[in-house]
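Here's a quick briefing on how the parts of this model fit together. Have a look at it first, then we'll go through the interfaces.

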Amino acid sequence: MKKSKLNLMTVFIAAALMVFISCGTKEAEKVEVATTATEAKTYKLALSLAITGPTSDAGNPYAKGVEDYFKFVNEMNILGEDKIECTIRDDQYKNDVTKRNFEEFIAEGLDFYLNYSTGSTLALKKDFEEEKMPTIPASFHAGNLIESNYIFLPIASYSAQAIGLAEYVVNNHSGSTPKVAMFIHPSAFGRGPVSDVEKAIAAGLDMELIEVVEHGKDLDNTAMLQRLLNKGVQYVISQTVQSPVATMLKDASRLDLVAKTFGENGKITFLGCHYTGGNDLIALAGPAAENFFWTTSYIITSEPGVGTDAQLALAKRYGRDDKAAQSHNYANGVMVAQVATECILRAKARGKAVNKESLYQELLEMNGINAFYPVTTVGPVTYSATDKAGVDTLQLYAVKNGAFKSVGTPFIPIYTGKI
Amino acid sequence: MTYFFQLVVSGIVVGSIYALSALGFVLIYKSSKVLNIAHGQIIAVGAFITYALTVWMGIPIFLSLILSMGATFFLAMSVERIFLRRLIGEPIISVIMVTIGLMSILDGLVYLTPFGTENFSFPVFLPSTPIDLGGVYISWTQLMGVIITIVMISGFSWFFKKSTVGISMRAVSDDQLASMSIGISVPKVFGLAWATAGLSAAAAGTIIGNITGLNFDTLHAFGIVVFPVVILGGLDSILGAVVAGVIMGLIQQFAAGYLDGNWGLNGTAEVLPYIILLIILLIKPHGLFGIHEIERV
């Protein structure tokens, strides 16, 4: 019952979004003319992220998603005569630049902040606390939430994603206890989920974590892959970015180690969290990406639906190229902009002054019947004082014939609640 | 034993690619005593040009590689002509600072193209089934990388030892004033050194891009990754780059194969090359094959 209600709501919101997009600029012009007589307010939002520099392959489409959605909101007068002014600045993945950007945003007046990397989110955590600034980063690191009141993850943390993948392994593995290795980025971003997976195992998740590999800039992973195989590893869960995963998959493919079906005996099944997958992985790994399993909370365009139709229409409306339009990180950017817009809409609807305090309060109340269904994700966005991860639901995808396809239905990891 | 030989083969493959990447540093340093910090960016640009010619213009990849090498030849030569020629005779630190600036400029220019923020991969042009050497596997891409490396390094070795221009370049490296006094054009030699480094960068970039996929951050990082190789081999020795490249490749593979994951060790493949580098430099401060100049006062 709950599920059908959820689906109905999703379709409704998506349809509304589609209508808005297809109505186009003419409608926007009409509404603007009609409302110029009343006093308009401008809400100041800001985003600092890596549009260039390391990880800009994710940051670039993310920025476009944020920019396009706010443009759409303003053009369609979704906030009535009020407008959103979102300043987007490139920090090249440098924490000192992010901090400087944030300080300048604050000096100019800021109602809601969107951040990007794990490093800068951790580095600026105290600043967000001092400023009491509601902040949504693109980093899903669970550590962002420790000793923090104002950081809200858009979707399930990397820890929840890794645990979700581990649960899938345990539930679908045939034979004795599955042997798993983790392939992680040598940073807080990569290391974060390891201890949580270990806690899940301690709490009863029936798998053996054989080894945690912190990768470097490897040209050849033969030694690592052979070592894991010799230790009986059957599954590798990755928490890093696409490039090292692509190199590993190519090497595994060359050595004929990739499982062609999930859990194939004597081979390795490769799985990964949000930033390991998507079209960029297929672009880098080519045919070697086949049978890679990936989890995220976002919809993807290789699985068309109302949400992806809306995403593609939005990208088309603002002249984005196909690569950006198809990117799950474009959806990621759209989604955080949707959440911020929804908070403003709700604060206005309650007759509150729109500022960082009221928007923070709206985030905290986004749960239960007030949960938000953005259609760019596979589940609702829910926040509360004790739950700062937005979309708890995950979807597993696998590469089949060169495109990610859904595997099963959306799920919420069980062990995240047990650790 | 198969495992051991697999690690040896992988080590040699990786080492060869390191050697080819390091060659650009050596070629420039050998002639002009300049350390080009922007070499990683030229490696990346070379890979992108090969990709663009192959995929966007439909030119066969081997021809694209040759054209790309030609393009980076002229790119590097132009860089030397525009930015570095004026600095002949200036303190070496000034020249190195210019190459750091150059790195930022090239970064900025690449970010203006789709290659700055998007990922690509070369089309498959070699058989995907690896070569099986009695249970030891090597991919065609890796084999091609090794062959290109051997050809290029042999060519450059011959060039420096036997050709008039190569000998002139060595002479300039040895003593600029003495070289000028016998009619060698020092600026031309510098330009040629940069150009040949550009040539090797395109080859290295294309090989690395075929292995890792085309990601700007990954590609230009190899300018830094191969730094221990350059220092270990000796900044001015082509043979040193080859030997040090293979040593580093083997150390990394053996560390990953035998140390990582055992006794609580992790990431030794990343750290060990630097530890070995430090130890060797303590014993041989100019690297394994670097020239130790003695100045009489």
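What follows covers the contact between the chains, then the contact between the domains of chain A.

This is a predicted model, so local features need pLDDT of at least 70 and side-chain atom pairs count only at pLDDT 80 or more, while totals for chains, interfaces and linings use all residues. Residues are numbered from 1 along each chain as its sequence is written, chains are lettered from A and ligands numbered from 1 in the order in which they are written, and side-chain values use heavy atoms, with hydrogens and water left out.

**Chain A against chain B**

- On the chain A side, 36 residues are in contact with 41 residues of chain B (contact means heavy atoms within 4.5 Å).
- Together the two chains bury about 3,000 Å², with 53% of it on carbon and sulfur atoms (buried area is the accessible area, 1.4 Å probe, that two parts lose on being put together, summed over both).
- A:Lys217, A:Leu219 and A:Arg254 lose the most area to chain B, together 25% of what the chain A side buries.
- The rule finds 1 salt bridge across this interface (a side-chain nitrogen of Lys or Arg within 4 Å of a carboxyl oxygen of Asp or Glu).
- That salt bridge pairs A:Lys323 with B:Glu118, and their closest N and O atoms are 3.6 Å apart.
- Polar contacts link 17 residue pairs between the chains, both at pLDDT 80 or more (a pair of N or O atoms within 3.5 Å; within protein, one must be able to donate a hydrogen and the other to accept it, and residues adjacent in sequence count only if both atoms are side-chain atoms).
- By class, the chain A side has 11 nonpolar, 12 polar and 13 charged residues (Ala, Val, Leu, Ile, Met, Phe, Trp, Tyr, Cys and Pro count as nonpolar, Asp, Glu, Lys and Arg as charged, and the others, Gly among them, as polar).

**Domain 1 against domain 2 in chain A**

- Chain A splits into domain 1 (2–155 + 301–387) and domain 2 (158–296 + 396–417), with bounds from an automatic or database domain assignment.
- Taken over C-alpha atoms, the centres of the two domains of chain A are 30 Å apart.
- Here 18 residues of domain 1 touch 23 residues of domain 2, and the pair buries about 1,600 Å², 53% of it on carbon and sulfur atoms.
- A:Phe140, A:Glu303 and A:His328 supply 33% of the area domain 1 buries against domain 2, more than any other three residues.
- The salt bridge count between these domains is 0, but there are 9 residue pairs in polar contact, both at pLDDT 80 or more.
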